[in-house]
Amino acid sequence: MAVPKRKMSRSNTRHRRAQWKATTPQLAPLTINGSVYLVPQRLLKAYERGLLRPEG
């Protein structure tokens, strides 16, 4: 595990943390029984296989 050699200033710590940004999931259309749902693309196969049920 990496251990810092010197203390990092509060300003540098906050600048580093400010670079992190969350992104919204990419939605893909899914048709079930004639209804179209927008679901996250990475979960599309799970919805198609019936492992998950779309809400709404």
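In the predicted model, β1 and β2 pair in the antiparallel sense, and six bridges join them. One of these bridges links T31 to V36 in β2. The two strands form a hairpin. Two residues separate them. N33 sits in the turn and has a positive phi of about 55°.

The hairpin belongs to a chain with two helices and two strands. Along the sequence, the order of these elements is α-β-β-α. Thus one helix precedes the strand pair and one follows it.

The largest nonpolar core consists of six residues: A28, L30, Y37, V39, L44 and Y47. Three elements each supply two or more of these residues. They are β1 (27-32), β2 (35-40) and α2 (44-49). In general, nonpolar side chains in soluble globular proteins tend to be buried together.

Contacts of Y47 were examined with residues up to four places away in sequence not counted. On that basis, Y47 touches two other core members, L30 and V39. The remaining partners of Y47 are L52, R53 and P54.

L52 itself lies in the segment after α2. Its relative accessibility is 35%, and because buried means under 20% and exposed means over 50%, L52 counts as partly exposed. Neighbours within four places in sequence aside, L52 is in contact with L43, A46 and Y47. The contact between Y47 and L52 therefore joins a core residue to a partly exposed one.

At the level of the whole chain, buried residues make up 14% of the 56 residues. The exposed surface amounts to about 5800 Å². Carbon and sulfur atoms supply 51% of that area.

The overall dimensions depart from those of a compact globule. For 56 residues, such a globule would have a radius of gyration near 10 Å. The chain has 21 Å. Along the principal axes, the C-alpha atoms fill a box of roughly 60 × 25 × 15 Å.

Sequence separation of the contacts was also examined. Among contacts with a separation of 6 or more, residues 24 or more positions apart account for 0%.

Note on methods
Residues are numbered from 1 along each chain as its sequence is written. This is a predicted model: local features need pLDDT of at least 70, side-chain atom pairs count only at pLDDT 80 or more; totals for chains, interfaces and linings use all residues. Side-chain values use heavy atoms; hydrogens and water are left out. A nonpolar core is a set of buried Ala, Val, Leu, Ile, Met, Phe, Trp, Tyr and Cys residues joined through side-chain atoms within 4.5 Å. Buried means under 20% relative accessible area, exposed over 50%, partly exposed in between (1.4 Å probe, protein chains only). Helices (H or I, at least four residues) and strands (E, at least two) are DSSP runs, numbered from the N terminus. Contact means heavy atoms within 4.5 Å. The radius of gyration is taken over C-alpha atoms; the globule rule is 2.2 Å times the number of residues to the power 0.38. Accessible areas come from the Shrake-Rupley method with a 1.4 Å probe; for residues, only the protein chains shown count as cover. Two strands pair if DSSP finds at least two bridges between them.
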